[in-house]
Amino acid sequence: MGKEMFSSFSGRQRVLWLFLIEIVVIALMGTLMTYGPEASVNFHRNHTGTAGAKAQDKKPENDPLRIYPMYQDVHVMIWVGFGYLMTFLKRYGQSAAGLTFLVAAVLVQVALICNGVTDTLTGAKAYLSLESLLGADVAVAAPLISMGAVLGKTTYMQLIFMGIAELIMFNVNKYVGEHLFMAVDAGDSMFVHVFGAYFGLAVSYVFGTKREPKEHELEGASYQSDIFAMIGTLFLWLFWPSFNSAGLTGDDQQRAIINTLLSISASCVTAFAVSALVSNGKFNMVHVQNSTLAGGVAIGTAAGMMCGGVGALAVGAVSGIISVLGYKYLTPMIQKHMRIHDTCGVHNLHGMPGVLAGLFGALMAVIATEAVYDYSLYDIFPARTPSAGQKFAELRDNMRGEISPGYDRTAYQQAGFQLLALVVTLGISIVSGLITGHLMHVPACGSITEEEKFDDKAVWDLEEETFTSGNKRTDTQIPMGHM
C-alpha cells in the first residue's frame, strides 16, 4: 500500500512538472518572440490589397506560403512517421505513438524558443513564421531520434527533460557548425541525425552503467505491431525528400528532391537484398522498417549538391548495406561489450548513415568547382566566396548584388571544415548526452522499474487487459460511455 501511494504521489508530481513547463514556455514565448513581417497584419495588408492582387496570383519565389506543403510533409514525418515507426514493440504501441505525440508537442514549442534565442545572438529577430515552424520541426527530430535509443525504459518526464536539454545543446552545436565553421548540411544529416543518434546512445550508456541491460520478455515485436511500425516507415520514406529539401530554394531544392529519392530508393533495394542474405534467404522486418530509410540520411548533407544520379544511388546503396549489417552484427556487440542498449537501433538508421553523409558531403565539397556549379557554387558554399577584389565585384554584378563577402576558402579548406563540423557534432552530442543521462535520474522525473519496461501499463490507463486464468481467456474492457 505504501509503495502504491508513493507511486501515485510521484505520478502527480510529474503532472505538476508538465503544467509548470507549459507555463514557463508561455511566459518565454510572450517575452522573446513576435510574428515575423510575413505574418504581421501590416505586411498582409500591403500584399492583399487591390493593387497587390495580381502580384499575389503569381506566387513569387519568396512567397512565404511556398514552403507550407513541405512543412506539412515534415510535420507528418515527426508525429506520424516517428511515432508509428516505434510501435514495433508488442506491448508498447500506445506509449510509442502517444508519448511521441506528447513529447513532440512540448519540444516544438521549446525548439521555437531555442531557435529564437540563437537568431537573437546572430543579430536577427526572434520571429514566429512558417520558416521558424519548419526549423522547430526539424530540430525536434533530434530528440525523437534519441528517444528511440531509450524507448521503453524511461518515464515521459525523463523524455521531456532529455529533449529540452538536447535542444539547447543541439542549437549550440548547429550554431558552431553553421555560423562558425560555415559547414553545409542541407538535410541536417550531421546536425540532426548524427547528433540525435549519439546523444541518445550516450544517455543509454549511462542507463547501462546504472543497471546492466538484460533481455526482456516484452522487448520484441508481434505480427500486428510490425505492421503498425511499417506505417511509420512508409510515411518517412515518402516524405524524406521534403525533409532534405524544405530549407532550400530553386535548383538546389530540385536537386535535393531528386538526389534524396534516388538515394532512398537504392537503400531500400540493398536493405532488402542484404537482409535476405543474412537472414537465411528471408526478409527481416527490423531491417525493412529501418534500413530502407538509411539513404535519406546518407544523402542529406550533400542533398543540394551536384552528386549526379550515380553519386546519389551509390551513397544510398552503401547506407542500406551498412545499416542492415549494423542491426545484424554491431548492435549485439555494442550491447554486450559496451552495455549500450539501443531499443530502436538508432545507431544503424541515423548514426552510421549520418556519419557517411558527413564524409560524402566533404568529398563533394572537395570536387566542387565553378566549372560545374557556375555561380551557384557560392550560394551552396558561401565561405568560398571571395572577401573582396575583382572576383567579388564580378560575382556581385552577375548575381545582382545577392551575395555577401566570404572567406576565400579553397575546396580543400571547405572539405576540412565539413569534417570538423562532423567531429565536433560527435563530441558535443556524446559529452552532453552523458551529462544529461546522469541528470535524468533526478527524483522529479521518476523512473521505470525492470518489471515495467516496454509495457504500456506503466504509463497508460489501458481500456482492455487480457490475461489467462488456467486454460480460460478473459477480456475486461471498460465501456467508453462509463469512462
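The legends below accompany close-up views of a predicted model.

**View 1. A salt bridge between Arg91 and Asp455 joins two loops of the predicted model.** The side chains of Arg91 and Asp455 form a salt bridge, with a nitrogen-to-oxygen distance of 3.6 Å. Because Arg91 belongs to the loop between α4 (68-85) and α5 (93-121), while Asp455 belongs to the loop between α18 (411-439) and β3 (464-469), the pair ties together parts of the chain that are 364 residues apart in sequence. The two partners differ in their surroundings, since Arg91 is partly exposed at a relative accessible area of 31%, whereas Asp455 is buried at 6%. The contact also belongs to a network of salt bridges, in which Arg91, Asp455 and Lys457 are linked. In the model as a whole, the count of salt bridges comes to seven.

**View 2. Asp188 and Lys174 meet in a salt bridge between a loop and a helix.** The side chains of these two residues, Asp188 and Lys174, approach to 3.2 Å, taken from N to O. Asp188 is placed in the loop between α7 (156-180) and α8 (189-210), and Lys174 is placed in helix α7 itself, with 14 residues separating the two in sequence. Asp188 and Lys174 are both buried.

**View 3. Within helix α10, Arg255 and Asp251 form a salt bridge.** The closest nitrogen and oxygen atoms of Arg255 and Asp251 are 2.9 Å apart. Both residues lie in α10 (residues 250-278), where a spacing of four residues corresponds to about one turn of the helix. Arg255 counts as buried, because its relative accessibility of 15% falls under the 20% limit, while Asp251 is partly exposed, with a relative accessible area of 41%.

**View 4. A nonpolar patch on the surface brings together residues of α1 and α5.** The patch covers about 620 Å² and is made by Trp17, Leu20, Val24, Leu28, Leu32, Val117 and Leu121. The elements that contribute two or more residues to this patch are α1 (2-32) and α5, and α1 supplies the largest share, namely five residues. One of the residues of the patch is Trp17, which is found in helix α1 and counts as partly exposed, at 39% relative accessibility.

**View 5. Helix α9 carries a kink at Phe239.** With 23 residues (223-245), α9 reaches 35 Å from its first C-alpha to its last, a span close to the 33 Å expected at 1.5 Å a residue. The kink amounts to about 50 degrees and lies shortly before the proline Pro241. Thr233 has its place in helix α9 as well, and counts as buried, with a relative accessibility of 3%. A polar atom of the Thr233 side chain lies 2.7 Å from the backbone oxygen of Gln289.

**View 6. Two loop residues, Met182 and Phe454, have positive phi values.** Most residues other than glycine have a negative phi. Met182 has a phi near 50 degrees, a positive value in a residue that is not glycine, and its place is in the loop between α7 and α8. At a relative accessible area of 18%, Met182 is buried. Phe454, likewise not a glycine, has a positive phi of about 60 degrees, and is found in the loop between α18 and β3. Phe454 is also buried, with a relative accessible area of 2%.

**View 7. Gln418 of helix α18 is shown together with Met190.** Gln418 lies in α18 and is buried, its relative accessible area being 0%. Although Gln418 and Met190 are 228 residues apart along the chain, their C-alpha atoms are separated by 9.6 Å.

How values were computed: Residues numbered from 1 in each chain as written. Predicted model: local features only at pLDDT ≥ 70, side-chain atom pairs only at ≥ 80, totals over all residues. Heavy atoms only, no water. Salt bridge = Lys/Arg side-chain N within 4 Å of Asp/Glu carboxyl O. Buried < 20%, exposed > 50% of the residue type's maximum accessible area, 1.4 Å probe, protein only. Patch = residues over 30% accessible without salt bridge, like charges linked within 9 Å, V, L, I, M, F, W, Y side chains within 5 Å. Areas by Shrake-Rupley, 256 points an atom, 1.4 Å probe, with all protein chains shown as cover. Expected span 1.5 Å × (residues − 1). Bend = angle between axes of the 7 residues up to and from the residue. Polar contact = N/O pair within 3.5 Å; in protein donor to acceptor, adjacent residues only side chain to side chain.
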